[in-house]
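Trainee: I should like a close look at a single part of this model, namely the sheet and what packs against it. Could you take me through that part in a connected account?

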Amino acid sequence: MKKTFIYLSIMAIMASCSVAEKEKAPQTPVVAGETIQLQTPSKQGGASINEALWNRKSSREYANEPLTLEELSGVLWAASGVNRPDGHLTAPSALALYPIQTYAFLESGVYLYDAKNNTLERKVEGDYRHLATLQDFANTASLNIVYIADMLPYDSQSEMLLERQRILWGMDAAGYAENVNLYAAGHGLKSITRGGAKAEEILKLLQLNPLRYEFVLAQTVGK
Ligand SMILES: Cc1cc2nc3c(=O)[nH]c(=O)nc-3n(C[C@H](O)[C@H](O)[C@H](O)COP(=O)(O)O)c2cc1C
């Protein structure tokens, strides 16, 4: 009886601590502008890797509710943020060529993620989230990410590598996307990797020459 009481008391203290932790977590709104300065995610945040792996799944139902600055910062850093002094990223890249560019489609515009400066730079103002998908559920989700390959870094590579470039940058993008899926699963967010988007329209909107740039993968993250 006494043991049960002590056990329950400990559980109650632990539960109240985790609620207090959650209450303490800042919920900064994203202020839309030409540049969004992102935050540096802490080293301690989120669930354990094992919990995130247990929780990871594709979701196809989202609220039209923006991510907080903390969430947006964490998601983009997980995709392709700098995690070492040499400038390398959270995700690997074949031959460290880093051909993948990470675009964030938000209600306020389409932004290019600048990993070095940890900012989002607006390329087009307006809500174009619907271009980043072929499925209605993503039209109004908090964030659609689009991964676009810039072929230039492959220009001076060997013939053998050029033959495999699509596979290689596809795998780079899949790594970025899976980092995001695990980050989302570890931070109470929903996500899905998607192969479908209005690729031609996206390149046109962003004024990217299709001879140099190619749509690779899309992803939805939200609540
Ligand atoms: C490269 C890739 C592309 C995908 N494209 C789509 C897509 O366009 N639409 C979609 O609803 N799901 C897409 N998915 C998600 C898969 O359908 C999903 O991972 C699969 O059904 C297994 O379910 P789970 O992720 O919940 O384990 C894609 C997944 C991957 C890895």
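Mentor: The account below begins with the sheet, continues with the helices on it, and ends with the ligand.

The model is a predicted one. Its open sheet has seven strands in the order β1-β4-β3-β2-β5-β7-β6, and the pairing is antiparallel. At the edges stand β1 (35-37) and β6; each has a single partner strand, so one side of each has no neighbour in the sheet. From one strand to the next, the twist averages 25°.

Let us follow the sheet from the β6 edge inwards. Strand β6 comprises residues 190-194, and four of its five residues are buried, so that the strand is mostly covered. Its pairing with strand β7 (residues 213-222) is antiparallel and runs over five bridges. One point of register is given by Lys190, whose bridge partner in β7 is Gly222. Strand β7 also pairs with strand β5 (residues 143-150), again in the antiparallel sense, over eight bridges. Here Ile145 is placed opposite Gln219 of β7.

Two helices may now be added to this picture. Helix α5 packs on the sheet and touches β2, β5, β6 and β7, its direction making about 10° with that of β7. Helix α3 lies across β2 (100-106), β3 (109-114), β5 and β7, and runs at about 160° to β2. Strands β2, β5 and β7 thus appear in the contacts of α5 and in those of α3.

The two helices also pack against each other. Helix α3 spans residues 69-80 and helix α5 residues 165-186; the angle between them is about 145°, and their axes are 7 Å apart. The crossing is right-handed. On the α3 side, the contact is made by Gly74, Val75, Ala78, Ala79 and Ser80, which meet Tyr176, Asn179, Val180, Tyr183 and Ala184 of α5. By class, the residues of this contact divide into seven nonpolar, three polar and no charged.

The ligand brings us back to the edge strand. Among the residues around the ligand are Ile192, Thr193 and Arg194, whose numbers fall within the range 190-194 of β6. Gly195 and Gly196 belong to the shell as well, together with Lys57, Ser58, Arg60 and Gln135. The shell has one nonpolar, five polar and three charged residues, whereas the contact of α3 with α5 has no charged residues.

Note on methods. Residues are numbered from 1 along each chain as its sequence is written. This is a predicted model: local features need pLDDT of at least 70, side-chain atom pairs count only at pLDDT 80 or more; totals for chains, interfaces and linings use all residues. A residue is near a molecule or strand if its C-beta atom, placed from the backbone, lies within 6 Å of it. Ala, Val, Leu, Ile, Met, Phe, Trp, Tyr, Cys and Pro count as nonpolar, Asp, Glu, Lys and Arg as charged, and the others, Gly among them, as polar. Axes are lines fitted to C-alpha atoms, for helices over the stretch in contact, and angles run from 0 to 180 degrees between N-to-C directions. A crossing is left-handed if the near helix is turned anticlockwise from the far one by less than a right angle, and right-handed if clockwise. Two residues are in contact if their C-beta atoms, placed from the backbone, lie within 7 Å. A residue is buried if 20 or more other C-beta atoms lie within 10 Å of its own, exposed if 12 or fewer, and partly exposed in between; C-beta atoms are placed from the backbone. Two strands pair if DSSP finds at least two bridges between them.
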